[in-house]
Amino acid sequence: MRLLPRSLLWRTVLLLAVLMVAGHFASLEIFRAAEREPRAVQIAQQIASVVNLTRSALITADPAKRIDLLRDLSQQEGIQVYPDAPNESVETLPDRPITRLVTLELQRRLGPDTRILATREGERGVWISFTIDGLDYWVRMSRERIERTDQLRWLGWGVVILVLSLIGAFAIVARINRPLGELTRAAAAIGRGDVPPPVVETGPAEVRTLSRAFNQMTRDLQRADADRALLLAGVSHDLRTPLARIRLGVEMLDSKTDEGLRSGMVQDVEDIDAVINQFLDFARVSAEPVNAAELDLNEVVHGVVERYERQGKQVNARTSAVPPVKLQPLAAQRLLTNLIDNALRHGGDEVEVETALDHDRVRLSVLDRGPGIPPADAERMLQPFTRLNEARSTVGSGLGLAIVDRIAKVHGGSVQLLPRTGGGLEARIEFSPAPAAPTPTPSTSTE
Ligand SMILES: Nc1ncnc2c1ncn2[C@@H]1O[C@H](COP(=O)(O)OP(=O)(O)OP(=O)(O)O)[C@@H](O)[C@H]1O
Ligand SMILES: [Mg+2]
């Protein structure tokens, strides 16, 4: 079990609470130690005067009026006088610093033989012994004369101070914590590849500086992204025209040219064209505004798969009824062709496209039986310009999966590259169904 709270807010509040409680008790203890001796002297002085006055009154009173005197003392002052009796059951005062001091002080004032009791014959109070003409008597006073009655009040004030300080601490820490929490959420959003709105630049100076720097960094990142997309688009666009001329030229070479060389050159031109297309797609996905319509994913799957079949490529569709999702049709096609191209190029056999409804999410999977991608590399492959084996001779810009990832993200979906059971790769995209009432499309299956 975790005892320490995780967040900065609650850790600080807990630390302050512990320090404040300890500080309060420490100051209470110092105060009590400092006032113990003067208080003991004062209590002893009061008790000694009461005993002395009672004793003098009894000695000097007219014997006929002594009974009245004793009654008055008892009724008006709460002071009772009893003669000493042998074998009484008694209890001394509890052994505490203050009672020790009071006892010593009383014995100094009333004589060293003075006894002090807490209970005598079952009666509680403060009992002090004194002597008249060699006979022992006891005077009894109420216990309040030596006990504190303000203990609870002290505790009450302590609790009030503690609660007020904690509310103050909470407010101060929350003021620092709020912008920090916002920064954390924004940083997590950037980690996911989203573009968070600028964080509010509030709080103490250091936190404000941090927020400002973070906003600047977010803007720089966005600008760098946009610049890259613009550069790619510009270069690719400008390359297309000369490339088309080269292709035309190659195809028009006279028949004396080696046929192998000619078709090799055509293939090279096609490869370069494919890379340029990926560049343009990537730039387009970064720049295009999202105006998605409700789309039947199965329709897109069948359309794309048929196109591959016409080219004589073995791709199977296994669709099942799924609710419509909010997607741009062109983006959906781009996403699917990138994944199928990968499966055919890097994977190989048994390429399958699957749709299914899984825990309220619409799932689109492209599966193959190739070498797959090690789970440790899966996340990295979604970044632009990354390829599993950079030295591999296959063509490719390393943009395909980045395009897939961007398309999925701008439509609220997610991409996972998973090991396929039985070997190979499963590229799995998940979307939330469109919020409108889901109307599942009928299940179909083509080979
Ligand atoms: N189905 C797959 N099986 C095995 N490895 C794959 C598969 N799909 C992708 N990869 C690996 O991930 C890397 C990145 O794929 P991505 O589609 O982003 O780039 P690419 O296919 O190399 O180039 P492009 O798609 O831009 O033409 C690939 O180079 C490949 O190493
Ligand atoms: Mg690819």
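1. The crossing of α1 and α4 is right-handed, as seen in what is a predicted model. The axes of helix α1, residues 8–60, and α4 come within 9 Å and cross at roughly 155°; because angles over 145 degrees count as roughly antiparallel, α1 is described as roughly antiparallel to α4.

2. The contact between these helices draws on the beginning of the chain segment that forms α1, where Leu8, Leu9, Thr12, Val13, Leu16, Ala17, Met20, Val21, His24 and Leu28 meet a set of α4 residues that includes Trp154, Ile161, Leu166, Phe170, Val173, Asn177 and Leu180. By class, the residues of the contact of α1 with α4 comprise 17 nonpolar and five polar ones, with no charged residue.

3. Helix α4, residues 151–191, also packs with helix α5, residues 205–251, and here the axes come within 10 Å and cross at roughly 20°. As angles under 35 degrees count as roughly parallel, α4 and α5 are therefore roughly parallel to each other, and their crossing is left-handed.

4. On the α4 side, the contact with α5 is made by Ile176, Pro179, Leu180, Leu183, Ala186 and Ile190, while α5 contributes Val207, Leu210, Ser211, Phe214 and Thr218. The contact of α4 with α5 has nine nonpolar and two polar residues, and no charged ones. Leu180 of α4 deserves a note of its own, since this residue is listed in the contact with α5 and also in the contact with α1.

5. As for the division of the protein chain, domain 1 covers 8–149 and domain 2 covers 290–446. The C-alpha centres of domain 1 and domain 2 lie 90 Å apart.

6. A further helix pair is α8 with α10, whose axes come within 9 Å and cross at roughly 145°, the crossing being left-handed. The contact is made by Ala331, Arg334, Leu335, Asn338, Leu339, Asp341 and Asn342 of α8, together with Gly400, Ile403, Val404, Ile407 and Ala408 of α10. By class, this contact of α8 with α10 has seven nonpolar, three polar and two charged residues.

7. The pair α8 (329–347) and α10 (400–410) is relevant to the ligand as well, for each of these helices supplies at least two residues of the shell around ligand 1. The most is given by α8, with five residues. Of the 23 residues around ligand 1, those that come nearest are Asn342, Arg387, Leu388, Gly396 and Gly400, and two of these names, Asn342 of α8 and Gly400 of α10, appear in the helix contact too.

8. Sorted by class, the shell around ligand 1 has 12 polar, nine nonpolar and two charged residues.

Key:
Residues numbered from 1 in each chain as written. Chains lettered and ligands numbered in written order. Predicted model: local features only at pLDDT ≥ 70, side-chain atom pairs only at ≥ 80, totals over all residues. Near = placed C-beta within 6 Å. Helix = DSSP H or I, 4+ residues; strand = E, 2+ residues; numbered from the N terminus. Nonpolar A, V, L, I, M, F, W, Y, C, P; charged D, E, K, R; others polar. Axes fitted to C-alpha atoms, helices over the stretch in contact; angles between N-to-C directions. Parallel < 35°, antiparallel > 145°, perpendicular 65-115°, else oblique. Left-handed = near helix turned anticlockwise from the far one by under 90°. Contact = placed C-beta atoms within 7 Å. Domains from an automatic or database assignment.
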